[in-house]
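Reader: I should like to go through the helix packing and the strand pairing of a model. Could you show it to me?

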Amino acid sequence: MRGMEPVTLRTERLLLRPLEPRDTDAVLAACQDPDIARWTPVPTPYHLEHAEEFVLRTSPAGWRDDTMYNFGVFTREGVLAGSMGLVRIGLLRSAERQAELGYWTAPDQRRRGYTAEAGRAVADWAFTALGVERLEWCAEVGNEGSRAVARRIGFVLEGVQRSKITHRGTRRDAWAAALLPSDLGRSTVTPYLPAPEHRTP
């Protein structure tokens, strides 16, 4: 069965496209960053074969097999600003219609608003083109950078999930948040009836 045809998204400052072989060295360089290793499940130490696996096999297979829709995030000058994708997309094929947004940002491209800008574009694409009705985000408690980006995108924090993440052989608590189409003024096929405390007066 043929999976999702890879797409390209554009924002005011960025190009989001599937990673290509020419991006391998940039991915390798970015993933030397200790913060990426601290908060994401990339291999450590991160070698060329890991970048090749991610760029040449894992990312294309995600689109082909409908397991992950991953984008490289690039500036207008073609510099890799980060990686962003929809994961846990199996629920898209069910009545749940959910996915999770994950990302990392290259260290020399941080604090420019690129990741939030890209995240809003991916969220909009997920809601309009894919019919996502709940987009989730989670990160280990303490990952302040990722949480700040999620908030700028529009995610609403929902609490702490205990023992949610296994990272480097240890179970860890995670912050959880969600973005709904209604948060961006969009409707859904499935009606949403919020609990009374979450209804707009």
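Author: What follows takes up a pair of helices and then a group of strands; please note that the model is predicted.

Reader: How do the axes of α4 and α5 cross, and within what distance do they come?

Author: The axes of α4, residues 114–129, and α5, residues 144–153, come within 9 Å of each other and cross at roughly 45°. Angles from 35 to 65 degrees are neither roughly parallel nor roughly perpendicular, and α4 and α5 are therefore oblique to each other.

Reader: Is that crossing of α4 and α5 left-handed or right-handed?

Author: The crossing of these two helices is right-handed.

Reader: Which residues meet there?

Author: On the α4 side they are Thr115, Ala116, Gly119 and Arg120, and these meet Val149, Arg152 and Ile153 of α5. Of the residues in this contact, three are nonpolar, two are polar and two are charged.

Reader: Turning to the strands, how many bridges join β6 to β8?

Author: Six bridges join β6 (residues 134–140) to β8 (residues 170–179), and the two strands run antiparallel. In this region Ala139 stands opposite Trp175 of β8.

Reader: And in which sense does β7 pair with β8?

Author: Strand β7, residues 156–167, pairs with β8 in the antiparallel sense, over eight bridges. His167 stands opposite Thr170 in β8.

Reader: What lies between β7 and β8?

Author: The two strands form a hairpin with two residues between them. Arg168, in the turn, has a positive phi of about 55°.

Terms used. Residues numbered from 1 in each chain as written. Predicted model: local features only at pLDDT ≥ 70, side-chain atom pairs only at ≥ 80, totals over all residues. Heavy atoms only, no water. Axes fitted to C-alpha atoms, helices over the stretch in contact; angles between N-to-C directions. Helix = DSSP H or I, 4+ residues; strand = E, 2+ residues; numbered from the N terminus. Parallel < 35°, antiparallel > 145°, perpendicular 65-115°, else oblique. Left-handed = near helix turned anticlockwise from the far one by under 90°. Contact = heavy atoms within 4.5 Å. Nonpolar A, V, L, I, M, F, W, Y, C, P; charged D, E, K, R; others polar. Pairing = 2+ DSSP bridges.
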